[in-house]
Amino acid sequence: MKLHTASEVISLAKKLENESAKLYRDLSRRYVKDGDVFTAFARENEANIVQIERAYYGVITDAIEGGFAFDIEPDDYTFEGVPSQDTSRSDALDRASAIEEKISRFYYDAARQSDVLMADIPRAFRLVAKKRDNRRARLKALLNSP
Amino acid sequence: MALLEETIKEVRTIKNFIGGEWVESKGVIQDVINPATGKLIAKVPISTGDEMNAAVKAAREAFPGWRTTPPVARARCLFRLKELLEQNFEELSRIQTQEHGKTIDESRGETRRGIENVETACGIPTLMMGYNLEDIASGIDEYVIRQPLGVFGIIAPFNFPFMIPLWSGPYAVATGNCVVVKPSPEVPNSQMRLAELIEEAGFPPGVWNVVNGEREVVNAMLDHRDIKGIAFVGRTATARDVIYKRCGETGKRVIAQGAAKNFMVIMPDCNVERTIPAMMTSFFGNTGQRCLSGANLLIVGEDEKFYKDFLNQVIDAAKKIVIGYGLDESVQMGPVRSKDKKERITGDIESGIKEGAKLRLDGRKGFKITGSYPQTCFLGPTIFEGVTPDMKIAREEIFGPVMSVMRAKNLDEAITMCNASQYGNGNAIFTSSGKSAREFQYRVVSGNIGINIGIVAPMAFFPFSGMKDSFFGILHTQGQEAARFFTESKFVIQRWL
């Protein structure tokens, strides 16, 4: 079922951030050498939630189109959680990068759909999406390092 | 989709808040029903005139101490209140959804708007400053100071149970006055919770009082000599013929905001993709129960294709609106507040049919409620086509999710139609032409004007204006005008001999 209201899109954003944080915490335990990077990602996810909620709760009013600004298919952005124990490091990094790409796409799509209609929220979404683009570059760099 | 947890969990009998005490009323008790679920959520007293008089007495007694409290100290009480409101933001929002029926996004929006008024009133040391000029003649200086007047009454409607008393209350107390708030007995929980937080914020007893009730307490408020002014929001007949008139008779200041019949003017050069969601929000947000809702959709131009395409897109979007309990995050439109209101709106729809308007979407039937809830207060969106200015549905406020579609040959005719309305609250134009927008803004007689904005709600630091039969008074709620309304200008001229 598609999501149309700001409230449910914010809830989806939080869910994606929390699931992705869980993934990175697990990876930090499993791949100790890269642990600092993954832990930083997990912390950044928590900061992203604060940033998004701050934008939403700060600008939500009945003057903007909170109930009608989105047309999001949540299934397009869901991802499998933590890779299994026997997943290799390179596969895990690949998986993390694919997840980042999905989440980034969610934020860009949500920002584009709600542009003009949702005041500061699209801007917050784009900022988080941009962070995710940077993450993918970091993940690629890790993949290329032994 | 997830149903958010309800915050009103038990049925309480609401008390009045008088002189810092929670006082049981002697009045008859009335049920407060959640319009979506049909469940009893509270019991509210219909208080007596004597109880209102007791609240005014408490406010009058608190006034001397409060008015001599420095503005900066009064502002600090408001800062504490602002923090408490932020901490309890979600609870306050869900209470509104439970008692009013609006969606959670709408309730959160209402909470934010209310808090913004508290924030703005925190600037009272600056807002209530006077002005001066030295040497108006050699050696003589002159200045103006602003002083509070005493006790003010605030009478609130049902459609924004949390926010509307905050359009005026924070400015009243920030300037050193004391207030008695009368919430709508249909939705008393939000104001009860607000009063609890005001108590927690450390306002002295008697500065903020709440008396629940109906006509008897309003009459007591209007008659009371110690009430210096009233801020009212409600129906035009009450605003004009009761509140404004009797405040005049008893020498009270008055802000009386009435009804509306807002036009959304669609120019052929508008951004259609962005305008459709704005129309959904304007006409069907808050289930059409707000004085800034779109009522008449006025499509301009003789381009048949544009007209048909635009209208069909509006109808398609309205058909897809998710209806249900506002605590379900997927819901885009909740129920109307009560069965009586639904029946009144249904009567207006029938009147439109009788007058010959073409019913393109019938909100009385055929809509689906998400979840298992009684039909009692639910309506779907209704859209009439071929509405003419003489029809009742084009002229009178419906206060429900009903859109009347009209046509105008050009912008000039559209402006003439807007101006023929007895109301002047929140009219808007949708266009990509600066010239058309400027013309609309300049000529339309309306207190609030929207340009590509369908709900013309001013921020807290701007006045909530209104013209014609939508407003009676001079100064408005919110911001600087509210600070002026709640203070008297005292002029001093001095010469030292």
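Me: Two strands pair if DSSP finds at least two bridges between them. So in S19(B), what's the bridge partner of B:Thr382?

Reply: First off, what you're looking at is a predicted model. Strand S18 (residues 382-385) of chain B and strand S19 (residues 402-408) of chain B run parallel, with 3 bridges joining them. Take B:Thr382, and its bridge partner in S19(B) is B:Val402.

Me: What's the order of the open sheet of 7 strands in chain B?

Reply: The pairing in this sheet of chain B is mixed. Strand S16 (358-361) and strand S22 (448-451) of chain B stand at the edges, so each has a single partner strand and one side without a neighbour in the sheet. Going across from one edge strand to the other, the order is S16-S18-S19-S14-S13-S21-S22.

Me: How many degrees, on average, are neighbouring strands of that sheet turned against each other?

Reply: We're still on the open sheet of 7 strands in chain B. Ignoring direction, the average turn between its neighbouring strands is 25 degrees.

Me: Which helix of chain B lies across S16, S18 and S19?

Reply: Look for a helix of chain B that spans residues 339-354. Against S19(B), this helix runs at about 35 degrees. Its name is H12.

Me: Is strand S9 of chain B largely enclosed or left open by the rest of the structure?

Reply: A residue is buried if 20 or more other C-beta atoms lie within 10 Å of its own. On one side of S9(B), B:Cys178, B:Val180 and B:Lys182 are buried, and on the other so are B:Val179 and B:Val181. That's 5 of the 5 residues in the strand (residues 178-182), so S9(B) is largely enclosed.

Me: In S9(B), which residue is the bridge partner of B:Val151?

Reply: Strand S8 (residues 151-155) of chain B pairs with S9(B) in the parallel sense, over 5 bridges. Helix H6 (residues 169-174) of chain B joins S8(B) and S9(B) in a right-handed β-α-β unit. For B:Val151, the bridge partner in S9(B) is B:Cys178.

Me: And which residue in S10(B) does B:Val181 stand opposite?

Reply: S9(B) also runs parallel to strand S10 (residues 208-210) of chain B, and 3 bridges join them. Here too there's a right-handed β-α-β unit, made by S9(B), helix H7 (residues 189-200) of chain B and S10(B). In S10(B), the residue opposite B:Val181 is B:Val210.

Me: Is B:Arg225 buried or exposed?

Reply: This residue is in the loop between helix H8 (215-223) and strand S11 (227-233) of chain B. The C-alpha atom of B:Gly251, 26 residues away along the chain, is separated from that of B:Arg225 by 8.8 Å. The cut-off for exposed is 12 or fewer other C-beta atoms within 10 Å. B:Arg225 has 9 of them, so it counts as exposed.

Me: How many residues does the largest nonpolar core have?

Reply: B:Met264, B:Val265, B:Ile266, B:Leu298 and B:Val300 have the most contacts inside this core. Helix H1 (residues 6-30) of chain A gives the most to the core, with 9 residues. Another core lies apart from it, of 82 residues, including B:Leu81 and B:Leu92. As for the largest one, its count is 106 residues.

Me: How many Å separate the centres of domain 1 and domain 2 of chain B?

Reply: Chain B is divided into domain 1 (12-258 + 470-495) and domain 2 (262-451). Where the domains touch, 19 residues of domain 1 of chain B are in contact with 26 residues of domain 2 of chain B. Taken over C-alpha atoms, the separation of the two centres is 31 Å.

Me: Which helix gives the most to the side of chain B that touches chain A?

Reply: The contact takes 26 residues from chain B and 18 residues from chain A. H4 and helix H10 (272-284) of chain B each supply at least two residues of the chain B side. With 8 residues, the helix that gives the most is H4(B).

Me: Last one: in S25(B), which residue does B:Glu142 stand opposite?

Reply: An open sheet of 3 strands in chain B has the order S6-S7-S25, with antiparallel pairing. Strand S7 (residues 140-148) of chain B is joined to S25(B) by 9 bridges. Opposite B:Glu142 in S25(B) stands B:Ile493.

Conventions: Residues are numbered from 1 along each chain as its sequence is written. Chains are lettered from A and ligands numbered from 1 in the order in which they are written. This is a predicted model: local features need pLDDT of at least 70, side-chain atom pairs count only at pLDDT 80 or more; totals for chains, interfaces and linings use all residues. A nonpolar core is a set of buried Ala, Val, Leu, Ile, Met, Phe, Trp, Tyr and Cys residues joined through C-beta atoms within 7 Å. Helices (H or I, at least four residues) and strands (E, at least two) are DSSP runs, numbered from the N terminus. Axes are lines fitted to C-alpha atoms, for helices over the stretch in contact, and angles run from 0 to 180 degrees between N-to-C directions. Two residues are in contact if their C-beta atoms, placed from the backbone, lie within 7 Å. A crossover is right-handed if, with the strands pointing away from the viewer, the path from the first strand over the helix to the second runs clockwise. Domain bounds come from an automatic or database domain assignment.
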